[in-house]
Amino acid sequence: MLHEFKYLAPRSVAELCSALSDHRDDGKILAGGTDLIPNIRNGLMKPAFVMDAKRLPEAARLAWSEKDGLSMGTAVTINDLLRSKETRELFPVLCVCAHELASHQVRNRATVAGNVVNASPCSDMAPALLCLGARAVLRSAGGERTVPFGEFFAGVKKTVLKPGEFLERILVPAASRGARGSYLKLKRIAGHDLGIVGVLMVRHGDSIRFAVSSAAPTPVLVESVSAKDSPDEAARKVLAAVSPISDVRGTKEYREHMIGVYVRRLLAEVK
Ligand SMILES: Cc1cc2nc3c(=O)[nH]c(=O)nc-3n(C[C@H](O)[C@H](O)[C@H](O)COP(=O)(O)OP(=O)(O)OC[C@H]3O[C@@H](n4cnc5c(N)ncnc54)[C@H](O)[C@@H]3O)c2cc1C
């Protein structure tokens with residue numbers, strides 16, 4: 001039987017902050033529910049209160065401006081990103097990664113905010129947000145703070161969010177507009193699946209950034225590779241930044257090998 005909880009649907013940010021403050025230890029935010037509900041079903045999470053973040057004003061807002069860049073509210077789904085003309089044209093890297101996340105049906109529910117707060121090492125949106133220099137706007141009854149995604153992930157399924165805080169918005173800086181990238185994701189099956197490893201390479205002007213998923217306790221950003229590096233040198237730099245493990249999806253050695261293969265393959269695009 002599903003663990004019983006009380007469902008709350010706050011209609012304002014102040015109401016959500018107050019509920020979060022009252023239920024620091026026994027409350028969970030519900031976005032698309034694609035991680036939360038399976039966790040509750042499997043008994044991994046037993047919240048007494050579930051607070052729906054989708055009814056907040058602005059929660060589903062996906063807006064672009066020259067001044068602020070791209071702003072995603074807490075309820076913006078993966079398919080919202082893929083459907084947005086601005087995202088496709090100005091920040092195609094987000095779409096490259098969004099396409100690889102689960103199936104169309106899951107992408108209709110799954111939010112970008114939920115994906116990063118869940119903080120799985122195999123998150124498919126984290127590599128794009130890391131490479132684009134995105135920031136998380138965190139809010140609580142005490143106020144607001146902004147954290148770059150480079151500092152957001154704290155370990156497997158851990159973030160820097162404090163009790164009583166939620167991820168209100170994700171900001172992708174206007175300066176990252178036009179960055180291009182490719183994401184290679186190794187899976188056990190041809191259809192949708194969590195990654196064995198994922199390697200994203202993003203080019204913006206002369207700069208190259210790599211981000212790797214499923215290869216360390218958190219998704220990893222690598223900024224030390226240059227287009228002048230040999231493929232072997234680039235692979236060495238990326239491998240030095242990760243620490244893959246062996247698990248049900250693949251061995252440490254297989255992951256390391258495939259990260260090297262993917263880095264070389266991606267770098268060939270700019271040679
Ligand atoms: C069949 C299936 C396949 C999947 N495949 C992939 C895949 O290929 N790649 C991948 O990356 N993921 C995959 N996932 C995982 C999942 O879909 C994503 O992580 C999803 O983006 C989570 O978003 P959500 O809106 O469903 O979050 P929820 O399940 O609603 O929430 C996730 C967690 O974050 C918390 N939370 C949510 N929003 C906020 C917020 N704004 N502030 C604070 N806390 C918050 C919740 O309390 C919960 O702990 C898959 C899931 C399923 C069921």
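Let us start with one pair of residues: Val202 stands opposite Arg209 in β13. The model you are looking at is predicted, and this pair is a handy way into it. Val202 belongs to strand β12, which covers residues 197-204. Strand β13 spans residues 207-213, and 7 bridges join it to β12, the two running antiparallel. If you follow the chain from β12 into β13, you pass through a hairpin with 2 residues between the strands. Gly205 sits in that turn and has a positive phi of about 60 degrees.

Strand β12 also pairs with strand β11 (residues 180-186), again in the antiparallel sense and over 7 bridges. Here you can pick out Ser182, whose bridge partner in β12 is Met201. As for how covered β12 is, 6 of its 8 residues are buried.

Now step back to the whole chain. It is divided into domain 1 (6-52), domain 2 (62-176) and domain 3 (180-270). The centres of domain 1 and domain 3, taken over C-alpha atoms, are separated by 34 Å.

Next, look for an open sheet of 5 strands. Reading across it, the order is β4-β5-β10-β6-β7, with antiparallel pairing. At its edges lie β4 (62-65) and β7 (143-148), each of which pairs on one side only. On average, neighbouring strands of this sheet are turned by 20 degrees against each other, direction ignored. One pairing to trace is that of β6 (residues 135-140) with β7, which is antiparallel and has 6 bridges. Within it, Arg139 has Glu144 in β7 as its bridge partner. Helix α1 (residues 13-22) packs on this sheet, where it touches β6 and β10 (166-172). The direction of α1 makes about 75 degrees with that of β6.

Finally, turn to the ligand. There are 30 residues around it, and those that come nearest are Ala31, Gly32, Thr34, Gly114 and Asn115. The elements giving two or more residues to this shell are β2 (27-30), α2 (36-41), α6 (104-109), α7 (112-118) and β10. Strand β10 is thus a name you have met before, as one of the strands of the open sheet. Helix α7 gives the most to the shell, with 5 residues. By character, the shell divides into 16 nonpolar, 10 polar and 4 charged residues. Domain 1 and domain 2 each provide at least three residues to the shell around the ligand.

Conventions:
Residues numbered from 1 in each chain as written. Predicted model: local features only at pLDDT ≥ 70, side-chain atom pairs only at ≥ 80, totals over all residues. Buried ≥ 20, exposed ≤ 12 C-beta atoms within 10 Å, placed from the backbone. Helix = DSSP H or I, 4+ residues; strand = E, 2+ residues; numbered from the N terminus. Pairing = 2+ DSSP bridges. Domains from an automatic or database assignment. Axes fitted to C-alpha atoms, helices over the stretch in contact; angles between N-to-C directions. Contact = placed C-beta atoms within 7 Å. Near = placed C-beta within 6 Å. Nonpolar A, V, L, I, M, F, W, Y, C, P; charged D, E, K, R; others polar.
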